[in-house]
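Work through the exercises below with the sequence and the coordinates open. Each task is followed by a solution in steps.

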Amino acid sequence: MKEFAGKSASAMIGACLTIAASAAIAQTNVPSAHDASDTRVIEKLARERNCMTCHATDRTLLAPSYRDIAKRYAGQAGAAEDIARSIADGSRGKWGSIPMPASPQVAPDEATRLARWILGMGSR
């Protein structure tokens, strides 16, 4: 508590809120909106949510590459929403006989960020 000696109550509350917010973000590993456009952050999210177990950026593993997905959906209205829904709910028959399981570990906003990241690979 020495670090709070002589500080105002509002300064102490502000410091506590900052610490609590940092802990909550670290605990969930969810990138902030500011980080959403950072490719490394989104790729890290994909790894943490086990997406990279079946998918790779530029080659087919068990599932299609992210670049192939981006090419298939390029220019389609609602593509990000469709991909996000497939991430969250899973899909069957879109890419062959192996179904994509649902991903309950992926929050809806994460699925949307991942979908936008995947679609962005069509231009790389």
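Thr 60 is a suitable place to begin; the model is a predicted one. Leaving aside neighbours within four places in sequence, Thr 60 is in contact with Ser 65 and Asp 68.

**Exercise 1. Determine where Thr 60 lies and whether it is buried or exposed.**

Step 1. Thr 60 belongs to the loop between H2 and H3.
Step 2. Its relative accessible area is 52%. The cut-off for exposed is over 50%, so Thr 60 counts as exposed.

**Exercise 2. Identify the residues of the largest nonpolar core that touch the most other members, and the helices that supply this core.**

Step 1. The core has 21 residues, and those touching the most other members are Ala 46, Tyr 66, Ile 83, Ile 87, Leu 114, Trp 117 and Ile 118.
Step 2. At least two core residues come from each of helix H2 (39-48), helix H3 (66-73), helix H4 (79-89) and helix H5 (108-120).
Step 3. Take Ile 83 as a case: with residues up to four places away in sequence not counted, Ile 83 touches Ile 69, Tyr 73, Ala 115, Ile 118 and Leu 119.

**Exercise 3. State how many salt bridges the model has, then describe the one between Lys 44 and Glu 48.**

Step 1. The count is eight salt bridges.
Step 2. The side chains of Lys 44 and Glu 48 form one of them, at 3.6 Å from N to O.
Step 3. Both residues are in helix H2, four residues apart, which is about one turn of the helix.
Step 4. Glu 48 has a relative accessible area of 30% and is partly exposed.
Step 5. The pair also belongs to a network of salt bridges that links Lys 44, Glu 48, Arg 49 and Glu 110.

**Exercise 4. Give the N to O distances for the salt bridges Arg 67 to Asp 58 and Lys 94 to Asp 82, and classify the exposure of each partner.**

Step 1. For Arg 67 and Asp 58, the closest N and O atoms are 3.9 Å apart. The cut-off for a salt bridge is within 4 Å, so this pair qualifies.
Step 2. Arg 67, at 25% relative accessibility, is partly exposed, whereas Asp 58, at 54%, is exposed.
Step 3. For Lys 94 and Asp 82, the closest N and O atoms are 3.4 Å apart.
Step 4. Lys 94 is in the loop between H4 and H5 and Asp 82 is in helix H4, so this salt bridge ties together parts twelve residues apart in sequence.
Step 5. Lys 94 is partly exposed at 29% relative accessible area, and Asp 82 is partly exposed at 23%.

**Exercise 5. Find the nonpolar patch on the surface that contains Ile 98.**

Step 1. Ile 98 is located in the loop between H4 and H5.
Step 2. The patch consists of Leu 61, Leu 62 and Ile 98, which together have about 270 Å² of accessible area.

**Exercise 6. Is Arg 113 buried or exposed, and with which side chain does its own side chain make a polar contact?**

Step 1. Arg 113 is part of helix H5.
Step 2. The relative accessible area of Arg 113 is 11%. Buried means under 20%, so Arg 113 is buried.
Step 3. The side chain of Arg 113 makes a polar contact with that of Asp 109, at 2.3 Å.

**Exercise 7. Report the phi angle and the surroundings of Asn 50.**

Step 1. Phi of Asn 50 is near 70 degrees, a positive value in a residue other than glycine.
Step 2. Asn 50 sits in the loop between H2 and H3, and at 49% relative accessibility it counts as partly exposed.

Conventions
Residues numbered from 1 in each chain as written. Predicted model: local features only at pLDDT ≥ 70, side-chain atom pairs only at ≥ 80, totals over all residues. Heavy atoms only, no water. Core = buried A, V, L, I, M, F, W, Y, C linked by side-chain atoms within 4.5 Å. Buried < 20%, exposed > 50% of the residue type's maximum accessible area, 1.4 Å probe, protein only. Contact = heavy atoms within 4.5 Å. Patch = residues over 30% accessible without salt bridge, like charges linked within 9 Å, V, L, I, M, F, W, Y side chains within 5 Å. Areas by Shrake-Rupley, 256 points an atom, 1.4 Å probe, with all protein chains shown as cover. Polar contact = N/O pair within 3.5 Å; in protein donor to acceptor, adjacent residues only side chain to side chain.
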